[in-house]
Amino acid sequence: MNESLSTRRLVIRLSLVVVAMFGFGFALVPIYDVMCQAFGINGKTAGAYEAGEQGVDASRQVRVQFLATNAADMVWEFRPMADEVAVHPGDSTQMVFVAHNPTDRPMTAQAIPSVAPSKAAAYFHKTECFCFTQQVLQPGERIEMPVRFIVDRDLPADVRHLTLAYTLFDITASKPPVAQVGQ
Amino acid sequence: MSAVIDTHGHAGHDHHHGPAKGLMRWVLTTNHKDIGTMYLWFSFAMFLLGGTMAMVIRAELFQPGLQIVQPEFFNQMTTMHGLIMVFGAVMPAFVGLANWMIPLMIGAPDMALPRMNNFSFWLLPAAFSMMVSTLFMEGGGPNFGWTFYAPLSTTYAPESVTFFIFAVHLMGISSIMGAINVVATILNLRAPGMTLMKMPLFVWTWLITAFLLIAVMPVLAGCVTMMLMDIHFGTSFFSAAGGGDPVLFQHVFWFFGHPEVYIMILPAFGAVSAIIPAFARKPLFGYTSMVYATASIAFLSFIVWAHHMFTVGIPLTGELFFMYATMLIAVPTGVKVFNWASTMWQGSMTFETPMLFSVAFVILFTIGGFSGLMLAIAPADFQYHDTYFVVAHFHYVLVPGAIFGIFASAYYWLPKWTGHMYDETLGKLHFWMSFVGMNMAFFPMHFVGLAGMPRRIPDYNMMFANFNMVSSIGAFMFGATQLLFLFIVIKCIRSGQPAAAKPWDGAEGLEWTVPSPAPYHTFQTPPEVK
Ligand code: HEM
Ligand SMILES: [Cu+2]
């Protein structure tokens, strides 16, 4: 009898471990995001940058290159106005991307940014970006979408060249254009 | 010897319930031996099914170009072959061995939770019927590789992926219940005097395996649940468009996946550690170090998962950490290999079939460990990753590792299970055909892999043609030989010579103190362990 009691307790404890590990699987999601943010890995950039002016480091120049890619099945035309700009760290710069919906139906899109080399991602601040919201384009509509950014003065000295890449996803199915207001 | 059999045999008869009659015996049974038998047969059926798919793969790869199947179907074959072998053949075989042998080895009358035991078994046929049925559904079955990376398995998956997810859930539940049962049995039902450090190594390795299962199967369940939510409920765990990340999938999967590969090898370590001393007629060298080595391997297996992801773009410090941590696993693994070698050293060895499989296990598993070390070198892995070199590596650890471990166990304990000896000549033939076949099949894969042949592709460059043909011939030989194994087992059950209670003179352990075949109920009163 004593034996079966302790078996019961053991099974309950082991089941708790099972539940905890199931939860741990999901906990990996925020842990992963936090790690990527903290170490600036995977080229993930942070959300909108709030800090004030840094003071420009005119002695240094960094080339920032822009890439626009369509995810599979995305049909929009999507490109930056210029392939590359040279900026001084600390200076606020704007670049405009163009998007055009060539289809005959309204569509919603989401752009996902990524910075390479990934160790530079933590030093690339976006104060304004079309990637913070979703884009709804009516049939045939064309828009210009700005991104405003500051390259941090603390950017490691060996980084002289950055790439800001956007991938544009068609999310019409999950975010139907009609439901969107104020876009 | 026969006197022993008689007394026990009588005790067995006097006992009220023997097995029930008819089919319901198997459906309702809570007897650990019945359930162990069912697990073993199920696993063997899955082994043949997964093997058939491997034959399709090798037939297509016999020559360059597309001859037999379409690429879409080829992808389903590689995927299902991997899933069935891992979850349907290897894991259930070890659970079957655990069911049969753990109670006999620790002097327990049965498993601690017999009803749950029945349920965990019967979930498996349900899970695998569902999974295999996807092959006949519109759009086909899983075609995204056994590692089912998102977004291949989410955004681009066939419709049937939902059934695949549900099947993974079912077998996960089955494994978790099986593992809880093993832990409860080992911790609570040991005969008086059977202290932890007196337990046979098979029991030890299974205890540690069970903890690994309890820790990582829920993570796998979480992983497929996230897929399910991405596919059907509009979340974006793994979808970049919604702010998720496909690389996250790989982290979650391999957090489960790497311990999983040890789940498939540790019980084989335990079985071999019982068999080698029996046929070398010497006690196992370094018992205590074996226990600690197993525990360290289990611990380390949690901190090396990203060695499967060296090429996804993890930072340099990450590459270095996972590279060194992975190499560290070679240390406790090496301890084990040296212990087995020292056990054989100056032993009075004989080479019956279980011993042949065990010696081959030690040698060939070590080759797999070496190719693992090569893959663990992060800068080199950029060249090897996703080539046939990886395929060669994991087949060297899984076929002569897990599968040979299972064959060795089967031959070693068949006399106890059936009460008959198997045919030694045929057993040796089975061994040599398997040995030659598997080396022919998998050794050339090292070369084509190093030369850059990618895995999971139905066609290949002309320059790989010769090695692939050799591989295919070896694979056909290995595959056909397994039918011989089926024949040997049936012959053993039907018409083998009667086996003594302890048919191997060097064997140790409580399981040899009960008659052969082991009566339906054993150790109703716990034996005394000195
Ligand atoms: C010394 C021990 C080992 C080391 C250092 C090692 C290392 C590695 C590495 C680095 C990879 C990834 C290669 C790549 O994808 O580029 C790998 C793959 C793999 N290993 Fe091992 N390994 C070891 C032992 C084992 C054992 C014991 C097993 C199973 C019984 C195993 C099963 C696998 C499997 C199944 C894969 C391939 C997974 C896939 O991508 O489909 N390994 N191993
Ligand atoms: Cu691994």
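## A guided tour of chains A and B

Select Asp34(B) and Arg25(B): the two residues form a salt bridge, and their closest N and O atoms are 2.7 Å apart. Asp34(B) counts as buried, because its relative accessibility is 2%. Please note before continuing that this is a predicted model. Side chains of opposite charge can pair when their charged atoms come close. Over all chains, the structure holds 7 salt bridges.

**Stop 1: a salt bridge in chain B**

Next, select Lys491(B) and Asp423(B), whose side chains meet in a salt bridge of 2.6 Å, N to O. This pair links distant parts of the chain, with the two positions 68 residues apart in sequence numbering. Lys491(B) belongs to helix α16, residues 465-495 of chain B, whereas Asp423(B) is in the loop between α14 and α15. Lys491(B) counts as partly exposed at 31% relative accessibility. Asp423(B) is also partly exposed, with a relative accessible area of 24%.

**Stop 2: helix α14 of chain B**

Now select residues 388-418 of chain B, which make up helix α14. Is this helix enclosed or open? Of the 31 residues of α14(B), 30 are buried, so the helix is largely enclosed by the rest of the structure.

Begin at the start of the helix with Thr387(B) and Phe389(B). A side-chain oxygen of Thr387(B) comes to within 3.0 Å of the backbone nitrogen of Phe389(B). Then follow the helix to Tyr412(B), where there is a kink of about 40 degrees. The proline Pro415(B) comes shortly after this kink. Finally, select Gly419(B), just after α14(B), which takes a positive phi of about 80 degrees.

**Stop 3: Phe365(B) and its surroundings**

Select Phe365(B), which is found in helix α12, residues 353-376 of chain B. At 7% relative accessibility, Phe365(B) counts as buried. Which residues does Phe365(B) touch, not counting residues up to four places away in sequence? They are Ile265(B), Phe269(B), Thr333(B), Ala360(B), Tyr396(B), Val397(B) and Gly401(B).

Add Leu398(B) to the selection and compare the C-alpha atoms. Phe365(B) and Leu398(B) are 33 residues apart in sequence, and their C-alpha atoms are 8.0 Å apart in space.

**Stop 4: Thr333(B)**

One of the residues that Phe365(B) touches is Thr333(B), and this is the next residue to select. Thr333(B) lies in helix α11, residues 316-344 of chain B. With a relative accessibility of 14%, Thr333(B) counts as buried. A polar atom of its side chain lies 2.7 Å from the backbone oxygen of Ile329(B). Leaving aside residues up to four places away in sequence, Thr333(B) touches Ile297(B) and Phe365(B).

**Stop 5: chain A**

Turn to chain A, which has 1 helix and 9 strands. Along the sequence, the helix is followed by the strands, in the pattern α-β-β-β-β-β-β-β-β-β. Of the 183 residues in chain A, 42% are buried. Among contacts in chain A between residues at least 6 apart in sequence, 77% join residues at least 24 apart.

Select Arg63(A) and Glu84(A), which form a salt bridge with the closest N and O atoms 2.7 Å apart. The pair links distant parts of the chain: Arg63(A) is in strand β1 (residues 62-70) and Glu84(A) in strand β3 (residues 84-87), 21 residues apart. Arg63(A) is partly exposed, with a relative accessible area of 39%. Glu84(A) is likewise partly exposed, at 34%. Then select Glu77(A), Arg79(A) and Arg142(A), which are linked in a network of salt bridges.

**Stop 6: where the chains meet**

Lastly, display both chains together. The contact takes 25 residues from chain A and 33 residues from chain B. The size of an interface is often given as the accessible area lost when the parts come together. Chain A and chain B bury about 2400 Å² between them, with 77% of it on carbon and sulfur atoms.

How many salt bridges are counted between chain A and chain B? The count is 0. The interface does have 3 residue pairs in polar contact, both residues of each pair being at pLDDT 80 or more.

On the side of chain A that touches chain B, α1 (2-39) and β5 (107-116) each supply at least two residues. Select α1(A) to see the largest share of that side, 17 residues. By class, this side of chain A has 17 nonpolar, 6 polar and 2 charged residues.

Definitions and conventions. Residues are numbered from 1 along each chain as its sequence is written. Chains are lettered from A and ligands numbered from 1 in the order in which they are written. This is a predicted model: local features need pLDDT of at least 70, side-chain atom pairs count only at pLDDT 80 or more; totals for chains, interfaces and linings use all residues. Side-chain values use heavy atoms; hydrogens and water are left out. Contact means heavy atoms within 4.5 Å. Buried area is the accessible area (1.4 Å probe) that two parts lose on being put together, summed over both. A salt bridge is a side-chain nitrogen of Lys or Arg within 4 Å of a carboxyl oxygen of Asp or Glu. A polar contact is a pair of N or O atoms within 3.5 Å; within protein, one must be able to donate a hydrogen and the other to accept it, and residues adjacent in sequence count only if both atoms are side-chain atoms. Helices (H or I, at least four residues) and strands (E, at least two) are DSSP runs, numbered from the N terminus. Ala, Val, Leu, Ile, Met, Phe, Trp, Tyr, Cys and Pro count as nonpolar, Asp, Glu, Lys and Arg as charged, and the others, Gly among them, as polar. The bend at a residue is the angle between axes fitted to the seven residues ending there and the seven starting there. Buried means under 20% relative accessible area, exposed over 50%, partly exposed in between (1.4 Å probe, protein chains only).
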